[in-house]
Structure formats: structure tokens, C-alpha cells
Amino acid sequence: MSENVHRRHLLTNIDPDEFSKRFFIGIGAARSGTTWLEAILRHHPQISLSKVKELQYFNWAMLPDEQLSFTARMLLGLKKISTPKPVQERLLNVFYENNRIRRELLRGQPNHQWYLSLFSNTSVGRMCGEFTPAYAALPEWLIAEMARLLPHARLVYVMRDPIERIWSHYRYRIGKGLMSLSDIAGEPDVYYSNLTTYLETIENYEKAFSSEQIFCGYYEEFTSDPEQYFNLLCEFLGVNPINEPMKKLLSERINASKQDDACPPELTAQLHERFGHIADQMEGKLGRVPPSWRRRF
């Protein structure tokens, strides 16, 4: 599918090869503490992050129309925004909070030049990057395009107990009034299952990046000993350990689901039947898995 990628002109004042050596991307997983990780790292004196979390560049700006979901195609049918180009560019740099407008603009305006320009003011010596959990589900050809643009980038992938991750996603949508429990009781894997195929995600990225460029961690490790695992992440990113102001933020809950109830037993059993094998997969891949992934029944 690489022939569908629009070859894009790069900024003359940015050498992508050198730039990518101090760039990282948080690729997921969704509902696995990425907002919390991003909020903590935003306070690191040696790290600069995009103005908003989830730029959605490599999925929304580059995906061909025929591969978009039905909802995305509906969004593309919206009336085109008729603001002058300079105004559109300013709006892009600060990004709309409205997801529909953001996606509309992403489809019509940005390119590699625009993407790199978001980080062009980063001081030399500082790491910079962005977090977009949806990147975990990118097809191989888009991952290859990411690697072409940013060959030396470091990738951060934090996983969570598959059942807890999916249930957290359900709770999040239920809390926002987007769905009800009855919507998922019959087909527990209909939502977000492609964001829980951790081994497939890692192997897809390893086809384009070296394994040394990918930090694979677990949400449960970060929550059980946040200082230790944040420092491991900082070491991977090549920056100093977290400082005292950052340590004070470690106990904060960010982007938590409004619903805190446990996954219903029947749904837990259904999800376990569908995703229970992932613990074995990840232990085989990484040599470890949080004990809580197996303490369920």
C-alpha cells in the first residue's frame, strides 16, 4: 500500500535523520496510562511534547480514503472549511479541541513538513515527541512510512491487562454516555479488540524499527512502582531521572474512567476466553508479565 503514500517535501532547516535521533512516539496502548505518562513527562526539563496529546498524524492525515472507517468517510463529507490558508495553519498549530474539525483539517492540510514543524522550535539537546495510542493499530505500510520519516525514533509502548484495558475502554465510553453495558454484553470483543493485540503490534513495529528502539512496559509495573519505571523510561529516552516536582505528580489520576465498578463476571469470562492467551504471548515475547494478568479466577 506504500504507493498510496504521498511523498512529502521536508523542511530545509530540519534534517529528519538527525532530528529522529532525539524524537520519540508513544504508540499506545489506549487506556493503559498514556495520558498519565504524557502528563508526567511534560514536566521533564529535557523533554518537549506536542502542544496536545494525540496528534493522530500517521493515521488520519495519511490513510487513503478507501481505508477509512464509515464514520471517517462521513466526516470527510462535511462541508470544507473555507478559511484562508494562513488562518488554517495557525489553527493547526494549536489544534482544535473539536475532534471532527481536527480530523477534517488533518485530511486536507498537513504533510511531513507540517508534522516536523510542530517540533522545529525544540532546543538542541532536548528530546521531543508525541503520544497517539491509536498508532498501535497502524497497518504495516504506515509504520514503514513512519520509519522512513523518523528512522532513529524511539517508540514507547505500555500495555495493560487485556481484560482490564478493554473494560476501561467500555467504562470510559459508558461514562461519556456513548454506549451502555447492554451494547457489549452480546459481543464483548466488538470494540477495541485491535488495540489489544499487543504481540502483533510489537512485531509489526519490529519490521520497520529495531527492537532496541521500542520500549515495552506494563501499566501495572508503572502503577506499582512509578518512580522506578519512570526512571527506566527516562533512561531509554536518554534523559535524566525524574525530578522532585515530577515525583509529586506520580499519584495523580488523569483521564480516569468516570465508572469505577469492576467488570461483570459474565463479561469477564467472555473477555478471558477471547483474550486470555495474550498473557502467554507476552511472557513468551518479553520474558515477563504482571502477575495480576493471571490472578483472575
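## Exercises on a predicted model

The charged end of arginine 160 sits over the ring of tyrosine 219, at 4.4 Å from the ring centre, where sitting over a ring requires NZ of Lys or CZ of Arg within 6 Å of the ring centre and within 35 degrees of the ring normal. The model is a predicted one, in which local features need pLDDT of at least 70 and side-chain atom pairs count only at pLDDT 80 or more, while totals for chains, interfaces and linings use all residues. Residues are numbered from 1 along each chain as its sequence is written, and side-chain values use heavy atoms, with hydrogens and water left out.

**Exercise 1. Describe the setting of glutamine 213.**

Step one is to place the residue: glutamine 213 belongs to the loop that runs between helix H10 (198–206) and strand S5 (214–218), with helices (H or I, at least four residues) and strands (E, at least two) taken as DSSP runs numbered from the N terminus.

Step two is to ask about exposure: because its relative accessible area is 15%, glutamine 213 is buried, the classes being buried under 20% relative accessible area, exposed over 50% and partly exposed in between (1.4 Å probe, protein chains only).

Step three is to list the surroundings: not counting residues up to four places away in sequence, glutamine 213 touches Pro151, His152, Ala153, Arg154, Leu155 and Phe236, a contact being heavy atoms within 4.5 Å. For alanine 153, the backbone oxygen lies 2.8 Å from a polar atom of the side chain of glutamine 213.

**Exercise 2. Work out which residues of helix H14 are buried and how they are arranged.**

Begin with the buried residues of H14 (residues 265–275), which are Leu267, Thr268, Leu271 and Phe275. They are on the same side of H14 because they cover an arc of only 100° around the axis, the arc being that of the directions from the helix axis to the C-beta atoms. The general background is that an α-helix has 3.6 residues a turn, so residues three or four places apart point the same way.

Then turn to the opposite face, where the exposed residues Pro265, Glu266 and Glu273 are carried away from the buried side of H14. Finally, the cover over the buried residues of H14 includes helix H9 (162–175) and helix H15 (278–286).

**Exercise 3. Follow phenylalanine 58 from its ring pair to the nonpolar core.**

First consider the pair: phenylalanine 58 and tyrosine 115 are edge-to-face, with 5.1 Å centre to centre and 70° between the planes. Rings of Phe, Tyr and Trp (its six-membered ring) pair if their centres lie within 6.5 Å, and planes under 30 degrees apart count as stacked, over 60 as edge-to-face and the rest as tilted.

Next, locate the partners, which are 57 residues apart, phenylalanine 58 in helix H3 (residues 57–61) and tyrosine 115 in helix H7 (residues 112–117); both phenylalanine 58 and tyrosine 115 are buried. One aromatic cluster is formed by Phe19, Phe23, Tyr57, Phe58, Tyr115, Phe119 and Tyr135.

Last, look at the largest nonpolar core, which has 52 residues, and in which Ile25, Phe58, Tyr115, Leu150 and Tyr205 have the most contacts; such a core is a set of buried Ala, Val, Leu, Ile, Met, Phe, Trp, Tyr and Cys residues joined through side-chain atoms within 4.5 Å. Helix H8 (residues 140–149) gives the most to this core, with six residues. Another core, of 24 residues, lies apart from it and has Trp36, Ile40, Phe131 and Tyr229 among its members.

Key. Polar contact = N/O pair within 3.5 Å; in protein donor to acceptor, adjacent residues only side chain to side chain.
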